[in-house]
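Reader: Could we go through this model together, beginning with the surroundings of the ligand and then turning to a pair of helices?

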Amino acid sequence: MPILEREPPKGRRESYVLPKVPVPPLKQTLDMYLSCMKHLVKEEQYQKTKAIVVKFGEPGGTGELLQKKLLERSDKTYNWVYDYWLEDMYLNQRLALPVNSNPAMVFPKQNFKDRKDSLRFAAHLITGVLEYKERIDTRVLPVDFARGQLAGTPLCMKQYYRLFNTYRLPGHKRDTLVIHKPGSTEQEYIIVACKNQFFVLDLVVNKKKLKEMDILTQLEKIVKMAENSEERQPPFGLLTSDGRTEWAQAREVLIKDSVNRESLAVIEKCLCVLCLDNPSGMEVGDTSRALLMLHGGGHEKMGANRWYDKPMQFIVGEDGVCGTVCEHSPFEGIVLVACTEYLMKFMTGSPSKMGRATSVSELPTPARLLWKTTPHIQGLLKASAERLQRLVRDLDMDVHKFEVYGKEFIKKQKMSPDAYIQVALQLAFYRCNGRLVSTYESASIRRFHEGRVDNIRSATSEALAFVKAMTDQKASLSDSEKMKRLWDAINAQTNYTITAITGLGIDNHLLGLREIAQELKMEMPEIFTDETYVASNQFILSTSQVPTTVEMFCCYGPVVPNGYGCCYNPQSDHLLFSVTSFHGSTETCSAVFIKALDEGLVEMRDLCRKSNKPQSSAAPAASKVAENNQGAGSKLPSTLPKTGK
Ligand code: COA
């Protein structure tokens, strides 16, 4: 049986045996797939899809063969979906990392008196990072437990162990997630980016760990060195902002030279990148801070002062704009929140130790990374800069605080806040576009060994019935009918959530069946080439709940050109939304979406208020799904607490 945290220190704490991600029953997935897509495609297309799906699932058919192979794979591996999912979700994707893939966490705006003040903050932050990393290395991080739906089960901690020792290496067709084993790098160091230059800040000198004061001293030296225009190097970080194939091709040119090869190797093995940004000159509101985190404002601002392949990249701007931008493939936003909340609490809770003596009397000068350039490489940098600029111009972002009510009001209605917000997002989309579309909501499957996420398909038929009731002037349904439809939509959403978090979602399963077919070198089954399947994977609405307990918020870009990215952070008395879309699409506009969302949330509250009391509770419906799932022969997360090994 897989053991969580393979070798926890003796007696420190409990370890838990986590179950494997189940392989859902084939028929259950195929039926769910049809009911998820029926109302999202034209009737004629649906009938065609239905015939294809029935044929795929018939006894002795292709579906059964692939399911058998998947079950065999599940027997042989710790997690049958992990590699398929990682490649499909991240490593095979060719789009540029900023905006399209890397999420950002925006810290509260800081009020720095001057540059030195911002460097003090940066030194304190890095001290916190080292303290957190020490907790990871000594394996004393407490195990997370599920909250909300099906609360109480322990969660897989593996993602924490990939925060500081991973790197996404670009490839021509597929990237690689490089994982450095603990102790595989000779020394601990971070890379500091300043004025598009990269410096190595060693954290251990003469076998002694640098204290905060030393780190500050080194940062001050770096800022000075970065100002020296004679030694200035070209902005090589720009290459990492490009499409993955373009960057892989450029990297191949770069590594022909040993100087470039060495600089790349140093960056690839660092713990994290610290970007010391100049003031951007932008107005410092939530939206502009979020933009600076996502793409740095392009090459003319801070866009080249980054290394986007590195999973943990901290940004400290002289103007108080701070946060992180992360390469997403090693971990989910929830793990990032846990880490950054720790850091924020460290920053405010533990006083800066600047007054203490330094640990090392003679600190070596930090090394500037050098690059060899040629006219060809200059051309590549220019092309990357232009493509980043296009991305910057195209991103339409709106960060909005809905202050009328928060999750406490929703809980009082005996509804799941997450389900309620998802239904509100469907209402907003319908209001803007007159239809519902394939929607992605990330559902954590960390209840399982090495679990990452599956998808909650929030565009349910019940949500469609509700949004129609709320928007169709002619139908003028009674409030009690609208309320009934709201409950149906909330229950359907809550039930889907439970299905997904218990490992029975359809997206991972269909992906597994498709990938197994590919491995068997079969002709691709029609179910996966069908128009409906293609539409089912075009996530025009890509959503995710990333709640925080300290003041900060997460954001990310849309995943398709005509789509929205919507990250939300439900708080007791307000709801925070970060909505993104592309100006290039005539179908989207973030401000219009936010306005529709605002209106819908107010209407939903009014509807709840008018209705005397809830007609049913989501909770009984939810537990029914859980029972059914067990009845279907699948395993709900059952965990056996074990004492420390
Ligand atoms: N009546 C009253 N309260 C209810 C309720 C009901 N019917 N249903 C739920 N609640 C309460 C819960 O008990 C919980 O209370 P808490 O705040 O005290 O913990 C709270 O409302 C929130 O529950 P809910 O809104 O149902 O959501 P959830 O916390 O279960 O989250 C998901 C649902 C899908 C977001 C979560 O399971 C998940 O997967 N999160 C990870 C998402 C992710 O990975 N994001 C990052 C991607 S990079």
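**The ligand shell and a helix pair**

Author: In this predicted model, strand E14 gives the most to the shell around the ligand, namely 4 residues.

Reader: How many residues of the shell around the ligand are polar by class?

Author: Elements that each supply at least two residues of this shell include helix H10 (333-349), helix H13 (417-433) and strand E14 (439-444). Sorted by class, the shell has 8 nonpolar and 7 charged residues, and its polar residues number 10.

Reader: What share of the ligand's accessible area does the protein cover?

Author: Of the 25 residues around the ligand, those that come nearest include Gln149, Ser416 and Asp418. An oxygen atom of the ligand is 2.8 Å from a polar backbone atom of Gln149, while a polar side-chain atom of Ser416 lies 2.7 Å from a ligand oxygen atom. For Asp418, a backbone N or O atom lies 2.6 Å from an oxygen atom of the ligand. On its own the ligand has 970 Å² of accessible area, and the share covered by the protein is 79%.

Reader: How are helix H3 and helix H16 oriented to each other, roughly parallel or roughly perpendicular?

Author: The axes of H3 (residues 62-76) and H16 (residues 506-519) come within 9 Å and cross at roughly 95 degrees. Because angles of 65 to 115 degrees count as such, H3 is to H16 roughly perpendicular.

Reader: Which residues of H16 make the contact with H3?

Author: From H3, the contact is made by Leu66, Gln67, Lys69, Leu70 and Arg73. By class, this contact has 5 nonpolar, 3 polar and 3 charged residues. On the H16 side, the residues are His509, Gly512, Leu513, Ile516, Ala517 and Glu519.

How values were computed
Residues numbered from 1 in each chain as written. Predicted model: local features only at pLDDT ≥ 70, side-chain atom pairs only at ≥ 80, totals over all residues. Heavy atoms only, no water. Axes fitted to C-alpha atoms, helices over the stretch in contact; angles between N-to-C directions. Parallel < 35°, antiparallel > 145°, perpendicular 65-115°, else oblique. Contact = heavy atoms within 4.5 Å. Nonpolar A, V, L, I, M, F, W, Y, C, P; charged D, E, K, R; others polar. Near = heavy atom within 4 Å. Polar contact = N/O pair within 3.5 Å; in protein donor to acceptor, adjacent residues only side chain to side chain. Areas by Shrake-Rupley, 256 points an atom, 1.4 Å probe, with all protein chains shown as cover.
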